[in-house]
Amino acid sequence: MKILKYLPLLLVLLFASCSSVKVYNDYDKKVDFTQFKTFAFFKSGVDKVEISDLDKKRILKAIETEMLAKGFTKSDNPDLLVNFFTKSREQVDVNAFNNNWGYGYGYGWNPYIWGGNRTTVRTSTTGTLFIDLIDAKKKEMIWQGEGEGEIFKNQKNKEERIGEFVKEILKQYPPEKK
């Protein structure tokens, strides 16, 4: 029964490896993605993103880190232009718990005799980050990645959360040939 000794560790590792960012992508299936070696940010697009300058810098840094890790070189004359934009949505979850339980006269089990009701309200923000890759010569979008997940307002390490979004999205680039 040695495996039982390590079961908690295995469960922690299993859940730690699951990303909390859902990712999707779409791309032009006619494009040969191996031709792209350099990138730059699409400044006029990035300037239009309506988030704080600090978060914008965090996203740019995370994208640059991932693109460099994929073997791309940042250039003034790039093959790819990188743009991004964001969306967010507030969600309110209301849960009513009925803690009433008991045994009623003549009715058998009756959930309305004792106890009380409890209602919990939880608000959360779901954020979506879109990363667009544009063929710089043709000025056409060739790939778009999207990551969606919960954003924590008092996130202690925003850089880490943003990095997780970007890493999960760009894992899908370049798309696999089918």
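Visitor: By class, how many charged residues are there in the lining of the second largest pocket?

Guide: The model is a predicted one, and in it the lining of the second largest pocket has, by class, six nonpolar and two polar residues. Among the lining residues are Asp 32, Lys 37, Lys 70 and Lys 177. These four side chains belong to the charged class, whose count in this lining is four.

Visitor: How much space lies in the second largest pocket?

Guide: Rolling a probe the size of a water molecule over the atoms shows where empty space is left. Here the space is lined by residues including Phe 33, Phe 36, Phe 72 and Tyr 173, with Pro 174 and Pro 175 also among them. The space in the second largest pocket comes to about 150 Å³.

Visitor: How many aromatic pairs does a search of the whole structure find, and what is the centre-to-centre distance between Tyr 27 and Phe 33?

Guide: A search of the whole structure finds seven aromatic pairs. One of them joins Tyr 27 and Phe 33, edge-to-face with 75° between the planes, and both of these residues are buried. The centres of the Tyr 27 and Phe 33 rings are separated by 5.9 Å.

Visitor: How far apart along the chain are Phe 33 and Tyr 173?

Guide: Phe 33 and Tyr 173 form an edge-to-face pair, 5.6 Å centre to centre with 85° between the planes. The pair links distant parts of the chain, with Phe 33 in the loop between β1 (22-27) and β2 (38-41) and Tyr 173 in the segment after α4 (158-170). Both residues are buried, and their separation along the chain is 140 residues.

Visitor: Which residues are linked into a cluster by ring pairs?

Guide: Phe 33 pairs with Tyr 27 at 5.9 Å, and Phe 33 also lines the second largest pocket. Following the ring pairs gives a cluster whose members are Tyr 27, Phe 33, Phe 36, Phe 72, Trp 143 and Tyr 173.

Visitor: Which two residues are joined by a cis peptide bond?

Guide: Most residues other than glycine have a negative phi, and most peptide bonds are trans. An omega of about -5° marks a cis bond here, and its proline, Pro 174, lies in the segment after α4. The residues joined are Tyr 173 and Pro 174.

Visitor: Around the axis of α3, how wide an arc do the buried residues cover?

Guide: Helix α3 (residues 53-69) has 17 residues and reaches 24 Å from its first C-alpha to its last, close to the 24 Å expected at 1.5 Å a residue. Its buried residues are Asp 55, Lys 56, Ile 59, Ala 62, Ile 63, Glu 66 and Met 67. They lie on the same side of α3, because the arc they cover around the axis is only 130°.

Visitor: Which residues are exposed on the other side of α3?

Guide: The buried residues of α3 include Ile 59 and Ile 63. On the other side, the exposed residues are Asp 53, Leu 54, Lys 57, Lys 61 and Ala 69.

Visitor: How far apart in space, C-alpha to C-alpha, are Ile 63 and Gly 163?

Guide: Ile 63 lies in helix α3, and Ile 63 counts as buried because its relative accessible area is 0%. Along the sequence, Ile 63 and Gly 163 are 100 residues apart. In space, C-alpha to C-alpha, the separation of Ile 63 and Gly 163 is 8.0 Å.

Visitor: Is Lys 139 buried or exposed?

Guide: Lys 139 lies in the loop between β7 (117-135) and β8 (140-151). Its phi is near 60°, a positive value in a residue other than glycine. With a relative accessibility of 62%, above the 50% cut-off, Lys 139 counts as exposed.

Visitor: What distance separates the C-alpha atoms of Gly 147 and Thr 128?

Guide: Gly 147 is found in strand β8, and Gly 147 counts as buried because its relative accessibility is 0%. Along the chain, Gly 147 and Thr 128 are 19 residues apart. Their C-alpha atoms are separated by 5.5 Å.

Notes
Residues numbered from 1 in each chain as written. Predicted model: local features only at pLDDT ≥ 70, side-chain atom pairs only at ≥ 80, totals over all residues. Heavy atoms only, no water. 1 Å grid on protein atoms, 1.4 Å probe; cavity = no way out; pocket = protein on both sides within 12 Å on 5 of 7 lines; lining within 4 Å. Points joined across faces, edges and corners; volume = space filled by probe spheres on them. Nonpolar A, V, L, I, M, F, W, Y, C, P; charged D, E, K, R; others polar. Helix = DSSP H or I, 4+ residues; strand = E, 2+ residues; numbered from the N terminus. Expected span 1.5 Å × (residues − 1). Buried < 20%, exposed > 50% of the residue type's maximum accessible area, 1.4 Å probe, protein only. Arc of directions from axis to C-beta. Phe/Tyr/Trp six-rings, centres within 6.5 Å; stacked < 30°, edge-to-face > 60°.
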